[in-house]
Amino acid sequence: MNTEKLSNRLAAVASFVEKGAVVADIGSDHAYLPCFLIRSGKIAQAVAGEVAKGPFDSAVRNVRREGLSDAVTVRLADGLFAIEAQDTVDTVTIAGMGGPLIATILENGKDRLQKVKRIIAQPNIYAKAVREWAVANEWKIIDEHILKEDGKIYEIIVLEKGTAQYDELEMTVGPYLHASKTDVFLEKWKRESSEWKRVLDSLEKAEATDAILQKKEQLKMQIELVGKVLGT
């Protein structure tokens, strides 16, 4: 992967960036995504934000090597605090983190989202946390995507400002993903359900403390919920 050819996961994230957008890529790592978007002519300006010094230095080197220092501003900052008012950012991408961490980043920096029109999130795990944050903060899901790469399954959630309500199943598996029910989507939830059943079986042998009983009940509810998707 480099600034000219992204992984399938990041290429899918890039596909949801609108032409002419001003992008802030949070947790940009090597700044591959913003450099690719500019190289491809899709956007003209971007911010690459990194909280860790090592990835920040790597992003700076890549941007300089590509001759894109005038187009990509690299900042060492925590989450959305990489965005400044003069950037006129209207699109935020956050990829390659857990859903709870993405939700925390969005919550902690939500004052920086006032002029942002679109958020493209790619949680590695527990995407439900992103959907819960969206509903609580008046962002609605306008699209979703799921893909498999190198044996791992990734979800992408695209948000725009607005209000929407989703039931528990939609919050868990995604309203758009549930509607399409692709093979990858079904594979993901078969995997999840199998793992929950394995954990439930192990808990059946454990001492019946209040915490164990609560966890068993939660797992049973999750298995039953996803069973509606899988037809089990």
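What covers the buried residues of H5? The cover includes helix H4 (99-108), strand E5 (118-123), strand E6 (139-149), E7, H6 and helix H7 (175-180). Keep in mind as you look around that this is a predicted model.

**Helix H5 and its exit**

Helix H5 spans residues 128-136, and its buried residues are Lys 128, Ala 129, Val 130, Arg 131, Trp 133 and Ala 134. So you'll find a lysine and an arginine in that list, counted as buried because their relative accessible area is under 20%. Just past the end of H5, Glu 138 takes a positive phi of about 60°.

**The β-α-β unit and the cores**

Now move to the earlier part of the chain. Strand E2 (residues 45-50) runs parallel to strand E3 (residues 72-76), and the two pair over 5 bridges. In that pairing, Ala 46 sits opposite Val 72 of E3. Put helix H3 (residues 53-65) between the two strands and you get a right-handed β-α-β unit.

This unit feeds into the largest nonpolar core, which has 32 residues. Ile 43, Val 72, Val 74 and Ile 156 have the most contacts inside that core. At least two core residues each come from helix H1 (8-15), helix H2 (32-39), E2, H3, E3 and strand E7 (152-161). H2 is the top contributor, giving 5 residues. As a general point, nonpolar side chains in soluble globular proteins tend to be buried together.

Val 74 is a nice residue to click on. Beyond its neighbours within four places in sequence, Val 74 is in contact with Ala 48, Phe 56, Ala 59, Val 60 and Val 63. There's also a second, separate core, this one of 31 residues, with Ala 77, Ile 94, Leu 159 and Tyr 166 among them.

**Three residues to compare**

Here are three helix residues, with their burial laid out side by side.

| Residue | Relative accessible area | State |
|---|---|---|
| Ala 12 | 11% | buried |
| Glu 168 | 44% | partly exposed |
| Ser 193 | 5% | buried |

Ala 12 belongs to helix H1. Setting aside residues within four places in sequence, Ala 12 is in contact with His 145, Leu 147 and Ile 156; Ile 156 is one of the residues with the most contacts inside the largest core. Ala 12 and Gln 122 are 110 residues apart in sequence, yet their C-alpha atoms are 9.5 Å apart in space.

Glu 168 is in helix H6. Not counting residues up to four places away, Glu 168 touches Lys 128 and Leu 225, and Lys 128 is one of the buried residues of H5. The C-alpha atoms of Glu 168 and Asp 201 are separated by 24 Å, with their positions 33 residues apart along the chain.

Ser 193 sits in helix H8. With residues up to four places away left out, Ser 193 touches Ile 223 and Leu 230. Ser 193 counts as buried because its relative accessible area, 5%, is under the 20% cut-off.

**The largest pocket**

What is the volume of the largest pocket? The value comes to about 670 Å³. The pocket is lined by 27 residues, and Tyr 126, Trp 189, Glu 192, Trp 196 and Gln 222 are the closest to its centre. E7, helix H6 (168-173), helix H8 (183-204) and helix H9 (210-230) each supply at least two lining residues. H9 gives the most to this lining, with 8 residues. E7 thus turns up in three places: in the cover over H5, in the largest core and in the pocket lining.

How values were computed: Residues numbered from 1 in each chain as written. Predicted model: local features only at pLDDT ≥ 70, side-chain atom pairs only at ≥ 80, totals over all residues. Heavy atoms only, no water. Pairing = 2+ DSSP bridges. Helix = DSSP H or I, 4+ residues; strand = E, 2+ residues; numbered from the N terminus. Right-handed = clockwise from strand over helix to strand, strands pointing away. Core = buried A, V, L, I, M, F, W, Y, C linked by side-chain atoms within 4.5 Å. Buried < 20%, exposed > 50% of the residue type's maximum accessible area, 1.4 Å probe, protein only. Contact = heavy atoms within 4.5 Å. 1 Å grid on protein atoms, 1.4 Å probe; cavity = no way out; pocket = protein on both sides within 12 Å on 5 of 7 lines; lining within 4 Å. Points joined across faces, edges and corners; volume = space filled by probe spheres on them.
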